[in-house]
Amino acid sequence: MARFVVRRLLSMLVVLFAVSVLTFLIFNVIPGGDPALRMAGRQPDPAQLERIREDWGFDEPVYVQYLKTMGQLFSGELVSYSTQQNVVAEIGKRLGRTFSLAIGAAIMWMAFATALGLYTAIRAGRLSDRLLTILALVGISMPVFWVGALMNYYLGFKAGIFPNGDYVPLGEDPLEWLYHLILPWTALSLLFIGVYSRVLRSNVLDTLSEDYVRTARAKGLSERRVLVRHVLRNSMIPIVTLWGLDFGAVLGGGAILTEAVFDLQGVGQYVAESVDQLDVPPVLAVTMFGAFFIVLLNTVVDIVYAVLDPRIRLT
Amino acid sequence: MGKLGRRGAVLLVALSVFDVAACGGGDDDGGGGARDTGGEIAIGSVGPDSADPVLIQSLQAVQPFQMVYTPLVTYAHQEGNAGTEIIPALAEEVPEPTNGGRTYTFRLREGLEYSDGSPVKASDFENTIKRLLKLGSPWSGFYTGIQGATEFTERGNFKADIAGIEANDRTGEIEVTLTEPNTQILFALAQPYAAPTPAAKSPARGLKQPPPGVGPYTLEVVDFNREWVLERNRRFRDIPGIPKGNFDRIKIAVSDNVTRMTQDVISGKLDFMTEDPAGDQLPEVRAQYPERLREAASPANVYYFFLNVTLPPFDKQEAREAVNYAIDSNALVRIFGGRLDPGCTMLPPSVTGYEEFDCKYGDPAAGPNLERARQLVEQSGYEGEEVTVWTNNKDPRPAIADYLRDVLGEIGFDADVKTLDQQVYIEQVGLRRTKAQTGFTNWYQDYPHPADFFEPTLSSEALESEVTFNQGFVSDSRIDKTLDELRGEDPEAVAERWGDLDEYVVNEKAFVVPYGYEESTSFFSERMDAENCAGIHPVWKNDWLLFCKKAS
């Protein structure tokens, strides 16, 4: 187990290094991506440009710029080119919002998808299965920015049943926090519920025809015990993999559209604004942050595998 | 040669098409009953782009910062053309230039103090100019015409002196000497980023919190990307012409979600928004809340297609004229969702020197002359020539380029479109090596001076910049000579000559294809008096010091 964790940590470093180099290079080679020109205004004076490049180190070789930027990132001194605000502090201020969105939505989509997937599998071929399948496909087909905007407009702005965007910190008022996040959670979860329930349904149907399920039934176990202990447990392995990747991505800023529609001002929204301004430091920091969570959650997922399937050993 | 006006930054300025008298200034109730003053209002905005007054670049920053940072001279707090007038602020009066038009001497009013209680010193002004130059402010180009400014920038030593600024803390006298006469300096000194701030609290590095100012409000960054707050400056002393403002507190709610911002203004959660309602919401806002919406081509701007005169086919005048004949401003008005005032001049109607000369290519409000355009293309010998129309991805610019492509195709060119990200667009088409033949461009005035519409966009000197706004790479001796002659003159006194220059550029040489002036919106909540107190200002777009609630 210890070796597994150490190996994973080392691979995490390699992934983070590769991600940081790629992100930095992309923003350095794209046409017109010279931050000095944007800082200098619309008719840059050559002497002024020179001064900006010198002061910010843009005249140094790319690898030196990269090393300096990474040094600033890890020392918490990285500053945005466009607003000159501290990037790490900005991410820190937005973390609570993104975590609230991601964790709540992840619980919601996992719970609903599991229930829906299992139910449609055991009711396979019946009318309820067909109806729920259609519903799942509708969920998959609706883009989050569209369904989010509709919810916000009709349930928030028009009907006033829910707040029209905004966010209240959990520590400030737990009920308001919940109230403000119901729509974002729902909007973000719909797609995942649709996908996960379809995958789970298919896995459960496959597992139901396995020999060990027949054996379990032959042993006289109750249908409920067969389903939960043998069928669902084995069918969950691919779902857990998916969940690890998706949850990591959402935590790392992947819920850009949901955050923007509901104006949650989370990490995703921050990176979206930064990309729009070709502001490398925040993009680099958030990309690293996202990559960290994806790798971390994959490690957690591998550990959960072993719990779900005792045949899997972590080495 | 002076450099003012050629190195601005984004945005600004212009004369409003509205001539509504200002209201709400100072203790004036603005007419129409007793105003409900005091209290708090909330303004939605995508937010100021910096907390440091010398580093702000956007109009969203200039609007609150001008309430905090009072310069030596300032723009009149009036709607319409009156708002372009330069009035004394910290200085006792607006100085007349001496020394052949090169020296301006200001004298500070007595007893001025910042919001932190410290006294205003003459040397604080020099400190501000030094910060503008040292920190690479986007506006620094406005001040490089001051004697010794370029040397200061090159040396990079913040403690060094700027030879052209003599500040006497004892007498409060500030003498600014330019390298050559240039009437644009007063317009540049009237901007909030040129306002003195206490030198002790304004070091040679970017600031995370706005420093104290002299203006009627103080500004605090509660959370850079979410909330800024303006509060009354209790130490503000009466300065003639500067209103005190009608609210005790103004909260700036920062968000990039313009759709929600619009909904919040509709519902009254916000009282005003610095942005235009999103394109799909604007028709609804126009239809349902007309009394809360104001539309005006302010700040002054011009939208035009550049034509690269160094490359085929636009190196031939016939080809350039052909495009002018073929453009249908009405089609472009539709693309702008009605927010375009059609026109064919480089100078917008509200700018000194604007003349409604007969467009050689026909009335811009009427249809195009495609037949004449086709003839001219044939005469140019460039029929069938490949032309790439450059544009960027900001709405509605792709549609504008598609329109030009279709028009060019109709008159005999083989046209295509190239679309870039809006962040890199200006840099790319402003580089000679990009070889952009034609494309979308616009110019928003930096300050209300006609030179600002020609020097950056059509002069030879603009071509010296690494990235030029003279995207047509026009180098014309008559334009350059005229600009040299008019630079030191009072624009009002030579307004006719500015008009002649405009006619020369468009009618005689067809260097550009102007098609109109964009109108921006001011949208208010129900409780605000949008009719009388919209504060539509030619320089700041909206002067929040003029905002007021409806009379109770």
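Biologist: Let's start with one helix. Which residues of α12(A) are buried?

Modeller: This is a predicted model, and in it the buried residues of α12(A) are Val267(A), Gly268(A), Gln269(A), Tyr270(A), Val271(A), Glu273(A) and Ser274(A). The general idea is that an α-helix has 3.6 residues a turn, so residues three or four places apart point the same way. Here, helix α12 of chain A covers residues 267–276, and 7 of its 10 residues are buried, so the helix is largely enclosed by the rest of the structure.

Biologist: What covers the buried residues of α12(A)?

Modeller: The cover includes four helices of chain A: α5 (87–122), α10 (223–254), α11 (256–261) and α13 (280–308). After α12(A) ends, you come to Leu278(A), which has a positive phi, near 50°.

Biologist: How should I describe the packing of α12(A) and α13(A)?

Modeller: Two packed helices are described by the angle between their axes and the distance between the axes. For α12(A) and α13(A), the angle is about 140° and the axes are 9 Å apart. The crossing of α12(A) past α13(A) is left-handed.

Biologist: And which residues of α12(A) and α13(A) meet?

Modeller: From α12(A) come Val267(A), Tyr270(A), Val271(A), Ser274(A) and Val275(A), and they meet Pro282(A), Val283(A), Val286(A) and Phe289(A) of α13(A). Sorted by kind, the residues of this contact are 8 nonpolar, 1 polar and no charged.

Biologist: Now let me step back. How many helices and strands are there in chain A?

Modeller: Chain A has 13 helices and 0 strands. Its C-alpha trace spans about 85 × 55 × 35 Å along the principal axes. Of the 315 residues in chain A, 39% are buried. You can also ask how contacts relate to sequence: among the contacts in chain A with a separation of 6 or more, 71% join residues 24 or more positions apart.

Biologist: There is a second chain too. How many residues of chain A are in contact with chain B?

Modeller: On the chain A side there are 35 residues, and they are in contact with 38 residues of chain B. In chain A, the elements that give two or more residues to this side are α2 (35–39), α3 (46–56) and α5. The most come from α3(A), with 7 residues. By kind, the chain A side holds 12 nonpolar, 13 polar and 10 charged residues.

Biologist: Let me look at α3(A), then. What do its buried residues pack against?

Modeller: Those residues are Ala47(A), Gln48(A), Leu49(A), Arg51(A) and Ile52(A). They pack against α2 of chain A together with α3 (149–155) of chain B. Just after α3(A) comes Gly57(A), with a positive phi of about 80°.

Biologist: What does the domain assignment give for chain B?

Modeller: There are two entries: domain 1 takes in 6–221 + 521–546, and domain 2 takes in 301–518. The C-alpha centres of these two domains of chain B are 31 Å apart.

Biologist: Where in chain B is the pLDDT below 50?

Modeller: Begin with the whole chain: the mean pLDDT of chain B is 90, and 93% of its residues reach 70 or more. Over residues 1–33 of chain B, however, the pLDDT is below 50, and this stretch has 147 contacts in the model beyond near neighbours in sequence. Where pLDDT is low, the predicted coordinates should not be read in detail.

Biologist: Which scores does the predictor give the complex?

Modeller: The complex gets an ipTM of 0.76 and a pTM of 0.84.

Definitions and conventions:
Residues are numbered from 1 along each chain as its sequence is written. Chains are lettered from A and ligands numbered from 1 in the order in which they are written. This is a predicted model: local features need pLDDT of at least 70, side-chain atom pairs count only at pLDDT 80 or more; totals for chains, interfaces and linings use all residues. Domain bounds come from an automatic or database domain assignment. A residue is buried if 20 or more other C-beta atoms lie within 10 Å of its own, exposed if 12 or fewer, and partly exposed in between; C-beta atoms are placed from the backbone. Two residues are in contact if their C-beta atoms, placed from the backbone, lie within 7 Å. Ala, Val, Leu, Ile, Met, Phe, Trp, Tyr, Cys and Pro count as nonpolar, Asp, Glu, Lys and Arg as charged, and the others, Gly among them, as polar. Axes are lines fitted to C-alpha atoms, for helices over the stretch in contact, and angles run from 0 to 180 degrees between N-to-C directions. A crossing is left-handed if the near helix is turned anticlockwise from the far one by less than a right angle, and right-handed if clockwise. pLDDT is the predictor's confidence in each residue, from 0 to 100.
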